[in-house]
Amino acid sequence: MLVGDASQCLVLELWKSFGWETDVLHEIIVVADAHTPQEVINALSVLPKVVLEHFSEPFNFSKKCNVGSWRASGDIILFLNDDMLAQSTGWVGQIQAQFADPLVGGVGGLLLTPEGLVQCAGHGNAPRPHIYGVGKDPKDPALQAQLMTTRETGGLSGACFALRRTDYIEVGGMCEELPSSYNDVDLGFKLKELGKKLMYVPSIQFVHYESISRDPTVGEEETALIWRRWGRFFEHDPFIL
Amino acid sequence: MPTSPEEMRLVDIAIGLQAELTEANFQREKVQLANMELHNELQDLSDRLRIAEKASETSIQLMEKLLQDISMRNTEISTIHNSRTWRIGSLVLAPVRWVKRSKR
């Protein structure tokens, strides 16, 4: 499922980067904003497996994901921002393999900057929720255990977050009161409350042109809400060495 | 399990409220624990203060008793000084003192 602002045609580039992976996907749901240019809509509508879902309300990432999830028919949903490019192959199979373990609730990959540095290697939660590994070199031998090893993580980026559709619905989807930030943090904790774990799988790689298509400002209300809900988990992160 | 987007939103709100309640209880327990620790520390300080006060009180009592003793001794010494025995004794010992001095 591709969520974002398709007006910059990033979504078409993303679709192209899927390559042969498209064959094993059940469907690609594109949640397109009202201001998505008609030529992009036209281009998307003829692509194989693409299902278009129109979203005409003001920007709310969570709501867009929720709207798209009701169109999904597969067992596993992968939320992907539109400002991404697939960098590895076999990622669909790797995601499916993780869900063979019924205790796995969420799976995410390594997100890289266009320069090849880490943009996100899962989330850390102490002393506050944050993106782990920002700006680090994924080839740094000293960081292999944290950056290049499949491991359980405290959280996953909403830019690349796979989970079972049933789990997503059971936890109430993404919180629409968190329209821009922390919706992924919240979703991760809701899955953990179900007794599920979140897995960071670095062999699944995407280049992320972070916040090219949206305002990166974090709202005070969103920060307050995430602390009101999950503040007790921000004192200690058992997954960060 | 929710069967519509609206139901799913309500489930999120319910889970969110439950999480907020759990968080509030967690923070309340943390504050209670901190209060208890503070109370224990205060109690400890209060005990130590009481011991120090008691020691100071005992010290004052001892000092008063000592002053009283000194005063009694002084009275006794004055009484002896003023007594006839002391004067006679001084008179008797005067030649002895004179002999001792002359020998040096």
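1. Which residue forms a salt bridge with A:E53, and how far apart are the closest N and O atoms? In this predicted model, the partner of A:E53 is A:R71, and the closest N and O atoms of the two are 2.7 Å apart. Because A:E53 lies in strand β3 (residues 50-55) of chain A, while A:R71 lies in the loop between α4 (61-69) and β4 (76-81) of chain A, the pair ties together parts that are 18 residues apart in sequence. When the whole structure is searched, 19 salt bridges are found over all chains.

2. Two backbone details of chain A deserve a look while the reader is following its loops. A:K49, which is not a glycine, nevertheless has a positive phi of about 70 degrees, and A:K49 belongs to the loop between α3 (38-45) and β3 of chain A. Further along, the peptide bond that leads from A:A126 to A:P127 is cis, its omega being near 5 degrees, and A:P127 is placed in the loop between β8 (123-124) and β9 (130-131) of chain A.

3. The next point concerns the contact between the two chains, to which chain A contributes 23 residues and chain B contributes 18 residues. Together the chains bury an area of about 1600 Å², and carbon and sulfur atoms give 62% of that area. On the side of chain B, the residues B:M8, B:D12 and B:E23 supply 35% of the area that this chain buries against chain A, which is more than any other three residues supply.

4. Charged and polar pairings also cross this interface, where five salt bridges are found between chain B and chain A. One of the salt bridges in the model joins the side chains of B:K30 and A:E235, with a distance of 2.6 Å from N to O. Six residue pairs are in polar contact between chain B and chain A, counting pairs in which both residues are at pLDDT 80 or more. Sorted by class, the side of chain B that touches chain A has nine nonpolar, five charged and four polar residues.

5. A last point for the reader is a feature on the surface of chain B, where B:M63, B:L66, B:L67 and B:I70 make a nonpolar patch of about 410 Å². One of these residues, B:L66, can be located in helix α1 of chain B, a helix that covers residues 5-82.

Methods. Residues are numbered from 1 along each chain as its sequence is written. Chains are lettered from A and ligands numbered from 1 in the order in which they are written. Side-chain values use heavy atoms; hydrogens and water are left out. Contact means heavy atoms within 4.5 Å. Buried area is the accessible area (1.4 Å probe) that two parts lose on being put together, summed over both. A salt bridge is a side-chain nitrogen of Lys or Arg within 4 Å of a carboxyl oxygen of Asp or Glu. A polar contact is a pair of N or O atoms within 3.5 Å; within protein, one must be able to donate a hydrogen and the other to accept it, and residues adjacent in sequence count only if both atoms are side-chain atoms. Ala, Val, Leu, Ile, Met, Phe, Trp, Tyr, Cys and Pro count as nonpolar, Asp, Glu, Lys and Arg as charged, and the others, Gly among them, as polar. Patches are made of residues with over 30% relative accessible area and no salt bridge: like charges are joined within 9 Å, nonpolar side chains (Val, Leu, Ile, Met, Phe, Trp, Tyr) within 5 Å. Accessible areas come from the Shrake-Rupley method with a 1.4 Å probe; for residues, only the protein chains shown count as cover. Helices (H or I, at least four residues) and strands (E, at least two) are DSSP runs, numbered from the N terminus.
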